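Colleague: I'm new to this one and would like a guided look before I start on it. Could you put it on the screen and talk me through it?

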Amino acid sequence: METLLDLSLTQCSQFACSIFDTEINLLAEEIDVLISEGFNESSVPDQSGKCFIVTGANIGIGFEVTRVLALRGARVILGCRDESKAEDAITRIRRITSHVNLDILPIDLADLVSIQDAAKHVEREVRLDGLINNAGVMAPPLLRTKQGFELQFGVNHLGCYALTSLLLPKLSETNGSRVIVTSSVAHKGASIVWDDIHADQSYKRMERYAASKLANALFFFELDRRLRAVASGVTAVGCHPGIASTNLGRYMGPLQVLNPIAKIVLNSAAKGAWPALQAATGNIQPGGYYGPTGLLGIRGISGEVARSADAQSPELASKLWELSVAATGIDPGLPPVTQ
């Protein structure tokens, strides 16, 4: 029988890490149990007959949102850049049950032409009950979209703005449909560099990420104001996943080695999906903002949460809206709110 004395140093290290990881997960679960009131996966009602688009659906939070909605009976369209990865995600869900209605929408949020093509494809759908803008990038080196926008602002905000704007007519056909925009705790304290929006002069990756998340918060705030002003049947709502241990932070370099330790405070992808699921299917306030309610807003049960004052500034929101129209050439035709 093999004993610890027979194992190599590497094997012993792996064994110890495995035990530590298990204990960390158990402790994290115990923390979540302490906060039991709110919205979680079991709160999602039956979604039979409904149709949702989830961007970034092949991995992480997007995958978990897709999984839950599909298992609740919804038709879910996976908006993904890589079709093979989308197929893999569908295969994983069908291992749970084959009785799911899943499809793929090829889309690259770093390319306005791809977004326009995707929106045309969605016109064929019988109905659209929800657009869950989940896809994003976090802290890459300075990169640019097909149209030359700084990647984080271009994908996280302008891609989201463009897709939402183009799909509003389809969403409007179904009364009670929702647009969900994913922000982040990083939006607090962030500021948008208005005179260098595409990082032509300087680039600090985390500051640009935070700015893109403030833009997300401003976008759904302004979208809600404009939709309500015209008595639209579409509702705009925001969410954030807390800080989840997902692939989003793949550009974080050596810091990724801290993931096992960080699990005690970070949300899993499955739990990080709860705010988006609440925003998409729960009883919500139009224009509301939903996220984890435990451990400083980092993890836990989902509920309505606070956002920064800047994220609710009509002046900043209107300024961002006009900038977005000018940058993308896409105007949803919703008039500004005068009061």
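Modeller: What follows is a walk from the whole chain to a few chosen places in it. This is a predicted model, in which local features need pLDDT of at least 70, side-chain atom pairs count only at pLDDT 80 or more, and totals for chains, interfaces and linings use all residues. Residues are numbered from 1 along each chain as its sequence is written, and side-chain values use heavy atoms, with hydrogens and water left out.

Colleague: Okay, how many helices and strands does the chain have?

Modeller: The chain has ten helices and eight strands, where helices (H or I, at least four residues) and strands (E, at least two) are DSSP runs numbered from the N terminus.

Colleague: And what share of the residues counts as buried?

Modeller: Of the 339 residues, 52% count as buried, and that word stands for under 20% relative accessible area, while exposed is over 50% and partly exposed lies in between (1.4 Å probe, protein chains only). The accessible surface of the chain comes to about 15,600 Å², and 54% of that belongs to carbon and sulfur atoms; such areas come from the Shrake-Rupley method with a 1.4 Å probe, and for residues only the protein chains shown count as cover.

Colleague: What about contacts between residues far apart in sequence?

Modeller: If you take contacts (heavy atoms within 4.5 Å) between residues at least 6 apart in sequence, 76% of them join residues at least 24 apart.

Colleague: Switching to charges, how many salt bridges are there?

Modeller: A search of the whole structure finds twelve salt bridges, each being a side-chain nitrogen of Lys or Arg within 4 Å of a carboxyl oxygen of Asp or Glu. One of them pairs Arg75 with Asp103, with the closest N and O atoms 3.0 Å apart. That pair links distant parts of the chain, since Arg75 is in strand S2 and Asp103 is in strand S3 (residues 101–106), 28 residues apart.

Colleague: Which other ones should I look at?

Modeller: You could look at Arg226 and Glu322, whose side chains meet in a salt bridge (3.7 Å, N to O). Here too distant parts of the chain are linked, with Arg226 in helix H6 and Glu322 in helix H10 (residues 314–328), 96 residues apart. Salt bridges that share partners also join Glu222, Arg225, Arg226 and Glu322 into one network.

Colleague: Is Arg226 buried or exposed?

Modeller: Arg226 counts as buried because its relative accessible area is 1%, whereas Glu322 is partly exposed at 45%.

Colleague: And a salt bridge between loops?

Modeller: Asp200 and Arg144 meet in one, at 3.4 Å from N to O. Asp200 sits in the loop between strand S5 (178–182) and helix H6 (205–229), Arg144 sits in the loop between strand S4 (130–133) and helix H5 (151–172), and the two are 56 residues apart. Asp200 counts as exposed because its relative accessibility is 63%, while Arg144, at 35%, is partly exposed.

Colleague: Which residues gather in the patch of negative charge?

Modeller: Asp82, Glu83, Glu87 and Asp88 gather there, on the surface. Patches are made of residues with over 30% relative accessible area and no salt bridge, with like charges joined within 9 Å and nonpolar side chains (Val, Leu, Ile, Met, Phe, Trp, Tyr) within 5 Å. Asp82 is found in the loop between strand S2 (75–80) and helix H3 (83–96), and Glu83 is found in helix H3.

Colleague: What does Glu83 touch?

Modeller: Not counting residues up to four places away in sequence, Glu83 touches Ile104 and Pro106.

Colleague: Last topic, what about the backbone of Ala139?

Modeller: Phi of Ala139 is near 55°, a positive value in a residue other than glycine. Ala139 has its place in the loop between S4 and H5 and counts as buried because its relative accessibility is 0%. Ala231, which is not a glycine either, has a positive phi of about 55°; Ala231 lies in the loop between H6 and strand S6 (235–239) and is exposed at 67% relative accessibility.

Note on methods. Lys and Arg count as positive and Asp and Glu as negative; His and the chain ends are not counted. The place of a charge is taken as NZ of Lys, CZ of Arg, CG of Asp or CD of Glu.
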